[in-house]
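I opened my notebook to look this protein up piece by piece. Here is what I wrote down, one entry at a time.

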Amino acid sequence: MNEVTKNTQTFLETLQLAAGQDVKEWNVEILERAFGWAVYCQEVHRKLKDKPQFVEKLNRSLVIIRSLPNAALSLSEFCFDHLAKSQRLLLKSLLQNPHLSRELYQRTLIEYSKLESHKDGEEPKWNAFLEDATHCAQIKAARSSLVEMLQIVDKAVEQNKPQTKGDSMHRISTEIDASILRQYICHHLSNSPTPQRTRQHLEEKLHSIASEQSQGLSIIGNILGLPSEDTTKASIYHQCDEFVFQWIITNKDKYTKNAKLL
């Protein structure tokens with residue numbers, strides 16, 4: 001069982017890498033290895049799904065794995081049941097990743113064609129691909145619509161301060177990034193099995209954002225102005241705000257020489 005847990009963690013790490021810039025360095029061999037881990041996890045699900053004691057044990061391990069300091073927010077709800085869709089999850093991450101090379105994108109499409117069985121001589125079915133591609137397009141369309149609506153509000157409320165589409169996009173982007181960052185911080189502060197190591201990781205994460213992103217300080221500062229989206233999480237939101245506020249007080253002089261915090 002320990003080996004299964006270790007290999008499942010390897011797949012989750014691979015899934016996380018598949019959604020980021022690391023795929024720029026991927027080649028066909030690495031991609032095939034990633035597909036191999038996905039197939040392995042689906043086999044794990046098939047073999048263990050009718051053995052509740054093993055399912056429970058693996059789920060407990062997954063809670064720890066997805067709460068480790070470097071774990072992505074996108075994996076925060078990952079559980080045993082998701083293993084059944086490992087290939088689909090990996091393919092969807094790759095499909096939406098703009099850093100994927102043309103060659104690997106083509107290989108990804110080939111893998112999509114294999115998801116649904118078809119007889120020899122028949123055209124492959126593309127239901128999974130079309131569903132995932134549609135979902136990706138809908139997210140982009142929703143973002144664009146939000147920009148247009150915000151422009152209308154800006155124009156109506158601030159007649160003396162007209163804003164361009166670029167201004168609205170910038171504001172939306174900052175607020176969205178701040179919201180995602182808060183979710184990331186809250187997830188790790190509330191679920192980490194190693195609190196001290198996690199706080200160190202989160203501090204390093206904020207330093208990275210502040211130093212590497214042009215609007216990094218604005219993103220971090222905007223966390224303190226976000227509304228409480230879920231009243232049941234008021235305590236962890238407060239904990240997050242305290243953590244961010246303390247980080248700002250400690251590090252503001254280091255980053256505010258050439259940047260505006262809020």
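**Entry 1: cysteines**

How far is the sulfur of C240 from the closest cysteine sulfur, and in which residue is that sulfur? I noted first that I am working with a predicted model. I then found the closest cysteine sulfur in C186, and it is 4.1 Å from the sulfur of C240. A disulfide needs the two sulfur atoms within 2.5 Å, so this pair is too far apart for a bond. I reminded myself that a disulfide is a covalent bond between the sulfur atoms of two cysteines. By this rule, my count for the model came to zero disulfides.

I also checked how covered some cysteines are. C240 has 0% relative accessibility, so I put it down as buried. C41 is buried as well, because its relative accessible area is 0%.

**Entry 2: the overall build**

Next I stepped back to see the whole chain. I found ten helices and zero strands in the protein. Reading from the N terminus, I wrote the order as α-α-α-α-α-α-α-α-α-α. The protein has 262 residues, and 35% of them are buried.

**Entry 3: helix α3**

I picked helix α3, residues 52-65, for a length check. Its 14 residues should span 20 Å at 1.5 Å a residue, and its end C-alpha atoms are 20 Å apart, so the two values agree.

Which residues of α3 are buried? I listed V55, L58, S61, L62 and I65. These residues lie on the same side of α3, because they cover an arc of only 125° around the axis. The spacing made sense to me once I recalled a general rule. An α-helix has 3.6 residues a turn, so residues three or four places apart point the same way. On the other side of α3, I found P52 and Q53 exposed.

**Entry 4: helix α8**

I repeated the length check on α8, which has 18 residues. From its first C-alpha to its last, α8 reaches 25 Å, close to the 26 Å expected. The buried residues I noted in α8 are T198, H201, L202, L206, I209 and A210.

**Entry 5: a loop residue**

I looked up K24, which sits in the loop between α1 and α2. Is K24 buried, exposed or partly exposed? Its relative accessibility is 49%, so it counts as partly exposed. K24 also shows how a chain folds back on paper and in space: K24 and L100 are 76 residues apart in sequence, yet their C-alpha atoms are 6.1 Å apart.

**Entry 6: the largest pocket**

Then I turned to the pockets. The largest pocket holds about 2,300 Å³ of space. It is lined by 45 residues, and those closest to its centre are A19, G20, A72, S74 and I180. I sorted the lining into 21 nonpolar, 15 polar and nine charged residues. At least two lining residues come from each of α1, α4, α6, α7 and α8. Of these, α6 gives the most, with seven residues.

**Entry 7: the second largest pocket**

My last stop was the second largest pocket, with about 340 Å³ of space. Of its 16 lining residues, E77, Q183, C186, H187 and K233 are the closest to the centre. The elements that give two or more residues to this lining are α7 and α10. I saw that α7 gives the most, with six residues. The lining divides into five nonpolar, six polar and five charged residues.

How values were computed: Residues are numbered from 1 along each chain as its sequence is written. This is a predicted model: local features need pLDDT of at least 70, side-chain atom pairs count only at pLDDT 80 or more; totals for chains, interfaces and linings use all residues. Side-chain values use heavy atoms; hydrogens and water are left out. On a 1 Å grid over the protein atoms alone, a cavity is a set of points where a 1.4 Å probe fits but cannot get out, and a pocket is an open set with protein on both sides within 12 Å along at least five of seven lines; lining residues have an atom within 4 Å of a point. Grid points are joined across faces, edges and corners, and a volume is the space filled by probe spheres set on the points. Helices (H or I, at least four residues) and strands (E, at least two) are DSSP runs, numbered from the N terminus. Ala, Val, Leu, Ile, Met, Phe, Trp, Tyr, Cys and Pro count as nonpolar, Asp, Glu, Lys and Arg as charged, and the others, Gly among them, as polar. Buried means under 20% relative accessible area, exposed over 50%, partly exposed in between (1.4 Å probe, protein chains only). The expected span of a helix is 1.5 Å times one less than its number of residues. The arc is that of the directions from the helix axis to the C-beta atoms.
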